[in-house]
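Reader: I'm new to this one. Could you walk me through how to read its empty spaces and its packed interior?

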Amino acid sequence: MKCSSQHCDCMNIFHTEISDLNLCTPWTGPGAQMYQMPNSSSISEFLLLALADTRQLQLLHFWLLLGIYLAALLGNGLISTAIACDHRLHTPMYFFLLNLALLDLGCISTTLPKAMANALWDTTAISYAACVAQVFFFLFFLSAEYSLLTIMSYDRYVAICKPLHYGTLMDSRACATMATAAWGSGLLYSLLHTASVFSVPLCQGNAVDQFFCEIPQILRLSCSESEFLRELGLLSTSAFIGVGCFVFIVVSYVQLFRAVLRIPSEQGRHKAFSTCLPHLVVLSLFVSTAMFAYLKPHSISSPPVDLVVAVLYAVVPPVMNPLIYSMRNKELKVALSELLNKCVSKAMNC
């Protein structure tokens with residue numbers, strides 16, 4: 001009986017020790033970090049890069065971004081309205097310019113409002129769903145704009161090099177088809193990349209070193225090499241297509257400049273250059289800033305540098321494009337002045 005009593009005491013002690021272990025409690029010993037790293041399914045929000053450390057600078061950034069955003073809305077809105085309302089501007093060149101203004105409005109409206117809200121309310125958080133939406137729409141507008149700029153270079157090539165066939169090659173149906181293809185290609189590109197990026201497991205935290213959700217910054221949070229390489233392969237394919245579009249643009253402009261230089265009159269050459277120069281400047285600004293953003297050496301990559309580069313390719317083009325197109329375009333200047341005069345006269349009559 002004594003031995004049996006000892007046996008019961010041992011079993012009771014063993015049962016108590018097992019109960020004290022509380023196997024449902026998460027392990028906090030060595031190697032715990034490996035099991036507690038957040039993955040993409042457990043991330044409910046991302047933390048964006050703060051534009052400033054002090055409250056005064058945050059408010060200053062808010063007013064600065066608000067001014068930039070209002071300037072982009074005003075410039076692109078005026079151009080869109082002038083082209084839509086003035087029948088003299090219902091030509092292929094201005095039709096594509098209208099689409100470009102709409103894409104610029106969408107692009108800057110995807111990034112700046114959230115950055116302004118974070119600066120105003122002293123926060124850096126963005127929900128997971130909002131981050132997905134931001135990546136999708138930003139890629140959509142950006143890739144569609146690049147496709148549209150490629151089409152606009154073809155439009156200028158046909159207008160200068162094949163003027164007799166311009167009405168046939170660039171009729172209203174052809175222009176609508178090209179514009180639809182640009183928007184459609186942007187949609188397809190955005191769907192593929194957004195689905196690919198957010199299917200990659202994320203286990204390096206939720207801090208995004210950018211003022212908006214940007215693909216390279218999100219991929220830095222990846223912990224799956226195979227999934228990362230898959231997205232990298234998709235990006236490489238996209239880069240190859242982008243290079244093809246760039247070569248097409250360069251060849252178009254080489255042929256265009258050769259045709260312009262053969263024009264006998266100086267006035268004719270000046271008119272031809274004036275119609276092509278704005279598009280060339282806009283294209284150069286877009287391509288140079290985007291290439292530097294994604295192809296810059298890793299050695300110079302840092303949050304401040306990445307922030308400046310992102311502003312250059314995501315914020316500057318939508319603000320500058322209306323100025324570039326309206327500065328040397330007399331038809332657009334006349335249409336804008338007439339539109340503003342109508343608005344002022346109606347406001348005074350009210």
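Author: We'll go through cavities, annotated spans, nonpolar cores and two buried residues. Keep in mind that this is a predicted model.

Reader: Let's start with holes. How does anyone find empty space in a protein, and how many cavities of 30 Å³ or more are there here?

Author: Rolling a probe the size of a water molecule over the atoms shows where empty space is left. In this structure, three cavities reach 30 Å³ or more. The largest cavity holds about 110 Å³ of space, and the second largest holds about 50 Å³.

Reader: Which residues line the largest cavity?

Author: The lining includes Leu48, Leu49, Ala50, Leu51 and Ala52, along with Gln58. Ala115, Asn118, Ala119, Thr123, Thr124 and Phe211 are in the lining too. Helix H4, residues 92-121, contributes the most, with three residues.

Reader: And what kinds of residues are those, by class?

Author: Eight are nonpolar and four are polar, while no charged residues take part.

Reader: What lines the second largest cavity?

Author: Here you'll find Met93, Met152, Asp155, Arg156, Thr275, His279 and Tyr325. Helices H5 (128-161) and H10 (266-295) each supply at least two of the lining residues, and H5 gives the most, with three. By class, this lining has three nonpolar, two polar and two charged residues.

Reader: Now the annotations. Where does UniProt place the feature "transmembrane region"?

Author: An annotation like this comes from a record, so treat it as a label that may be inferred rather than shown by experiment. The unreviewed UniProt entry puts "transmembrane region" at residues 60-82, 94-113, 125-154, 239-261, 273-295 and 307-325.

Reader: What does the model show over residues 125-154?

Author: That stretch is 90% helix and 10% strand, and its end C-alpha atoms sit 43 Å apart. You can read residues 307-325 in the same way: that span is 95% helix and 0% strand, with 27 Å between its end C-alpha atoms.

Reader: On to the packed interior. How many residues are in the largest nonpolar core, and which have the most contacts inside it?

Author: The idea is to look for buried nonpolar residues joined through their side chains. The largest nonpolar core here has 68 residues. Those with the most contacts inside it are Ile83, Phe96, Leu97, Leu100, Phe211, Tyr313 and Leu332. A second, separate core has 16 residues, among them Phe46, Val197, Val208 and Ile218.

Reader: Take Leu97. What is it in contact with, beyond its neighbours within four places in sequence?

Author: Leu97 is in contact with Ile79, Ile83, Met152, Tyr325 and Leu332. You've met two of those already: Met152 and Tyr325 also line the second largest cavity.

Reader: Let's zoom in on Ala101. Is this residue buried or exposed?

Author: Compare its relative accessible area with the cut-off: under 20% means buried. Ala101 comes in at 4%, so it is buried. This residue is found in helix H4. Setting aside residues up to four places away in sequence, Ala101 touches Asn76, Ile79 and Ser80. Ala101 and Ala72 are 29 residues apart in sequence, and their C-alpha atoms are 9.4 Å apart in space.

Reader: Why does Ile108 count as buried?

Author: Ile108 counts as buried because its relative accessibility is 0%. Ile108 lies in helix H4. Not counting residues up to four places away in sequence, Ile108 touches Ile68, Tyr69, Ala72, Pro113, Val315, Pro318 and Val319. From Ile108 to Phe141 it's 33 residues in sequence, with 9.2 Å between the C-alpha atoms in space.

Methods: Residues are numbered from 1 along each chain as its sequence is written. This is a predicted model: local features need pLDDT of at least 70, side-chain atom pairs count only at pLDDT 80 or more; totals for chains, interfaces and linings use all residues. Side-chain values use heavy atoms; hydrogens and water are left out. On a 1 Å grid over the protein atoms alone, a cavity is a set of points where a 1.4 Å probe fits but cannot get out, and a pocket is an open set with protein on both sides within 12 Å along at least five of seven lines; lining residues have an atom within 4 Å of a point. Grid points are joined across faces, edges and corners, and a volume is the space filled by probe spheres set on the points. Helices (H or I, at least four residues) and strands (E, at least two) are DSSP runs, numbered from the N terminus. Ala, Val, Leu, Ile, Met, Phe, Trp, Tyr, Cys and Pro count as nonpolar, Asp, Glu, Lys and Arg as charged, and the others, Gly among them, as polar. A nonpolar core is a set of buried Ala, Val, Leu, Ile, Met, Phe, Trp, Tyr and Cys residues joined through side-chain atoms within 4.5 Å. Buried means under 20% relative accessible area, exposed over 50%, partly exposed in between (1.4 Å probe, protein chains only). Contact means heavy atoms within 4.5 Å.
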